[in-house]
Amino acid sequence: MVYRSKVDRLFVLLMVLIVSVIGLASFFPLFLGEELERQVLLISVLFVAMASFVLWCGFSVAYELKSDCLCVKGGPFRTQIPFGRITKVTDTRDILTGYRLLSSRDAIEIHYNDGLFGSVKISPKDKEAFLAELRKRNPKL
């Protein structure tokens, strides 16, 4: 089962700010007044690549409950947490810290053994259905 990530307005504003900063940094040399015909093309390509990567990572987040593990996906990044390693699940509203930048303040933190950080914060759209399905797969929660 795949659950999409909930997206708050604050997250959308943060993504717009990040892309805007990347754009300003990318196109700043154009305002220096030199003729930069080749550089304009290179700068444009770099801007589109960086902005696309940021948006892909930010808006493609999904949580898949496989037969043996929870798979957290966002852009090219993947984390797999075996259900037996999950120790507890708690509510959190902390959007800017943790393993990944959360896309919603209505989130949960999944604590697990032998992880690099020991927990992952996620924000499934249908939090109650996600938690019910997670509890089916790990009755100890």
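The questions and answers below go through the calls made on this structure.

User: What kind of model is this, and how are residues numbered?
Analyst: This is a predicted model, where local features need pLDDT of at least 70, side-chain atom pairs count only at pLDDT 80 or more, and totals for chains, interfaces and linings use all residues. Residues are numbered from 1 along each chain as its sequence is written, and side-chain values use heavy atoms, with hydrogens and water left out.

User: Why is D8 called buried or exposed?
Analyst: Buried means under 20% relative accessible area, exposed over 50%, and partly exposed in between (1.4 Å probe, protein chains only). D8 has 15%, so it is buried. D8 sits in the loop between β1 (2-4) and α1 (9-27). Helices (H or I, at least four residues) and strands (E, at least two) are DSSP runs, numbered from the N terminus.

User: Which residues does D8 touch, leaving aside neighbours within four places in sequence?
Analyst: S103, S104 and R105. Contact means heavy atoms within 4.5 Å. A polar atom of the D8 side chain also lies 2.7 Å from the backbone nitrogen of R105.

User: What makes β1 an edge strand?
Analyst: Two strands pair if DSSP finds at least two bridges between them. β1 and β2 (residues 62-65) have three bridges, in the antiparallel sense. One bridge partner pair is V2 and E64 in β2. The open sheet has four strands, in the order β1-β2-β3-β4, with antiparallel pairing. β1 and β4 (77-82) each pair on one side only, and these are the edge strands. The twist averages 20° from one strand to the next.

User: Which helix packs on the sheet, and at what angle to β2?
Analyst: Helix α3 (residues 127-137) does, touching β1, β2 and β3 (69-74); its direction makes about 30° with that of β2. Axes are lines fitted to C-alpha atoms, for helices over the stretch in contact, and angles run from 0 to 180 degrees between N-to-C directions.

User: Why is C71 not counted in a disulfide?
Analyst: A disulfide is a pair of cysteine sulfur atoms within 2.5 Å. The closest cysteine sulfur to that of C71 is in C69, 6.1 Å away, so it is too far for a bond. The structure holds zero disulfides. C71 has a relative accessible area of 2%, so this residue is buried. C57 is buried too, at 18%.

User: How do you know that D106 and K127 form a salt bridge?
Analyst: A salt bridge is a side-chain nitrogen of Lys or Arg within 4 Å of a carboxyl oxygen of Asp or Glu. In D106 and K127 the closest N and O atoms are 2.8 Å apart, and the pair forms a salt bridge. It links distant parts of the chain: D106 is in the loop between β5 (86-92) and β6 (107-112), K127 in helix α3, 21 residues apart. D106 is at 27%, so it counts as partly exposed. K127 is at 13%, so it counts as buried.

User: What are the salt bridge partners of E133?
Analyst: K136, with closest N and O atoms 3.6 Å apart, and R137, at 3.1 Å. E133 and R137 are four residues apart in helix α3, so about one helical turn separates them. E133 is buried at 13%, while R137 is partly exposed at 27%. K136 is exposed at 63%.

User: How many salt bridges are there?
Analyst: The count comes to seven. Salt bridges that share partners join K6, D91, D106 and K127 into one network.

Conventions. A polar contact is a pair of N or O atoms within 3.5 Å; within protein, one must be able to donate a hydrogen and the other to accept it, and residues adjacent in sequence count only if both atoms are side-chain atoms.
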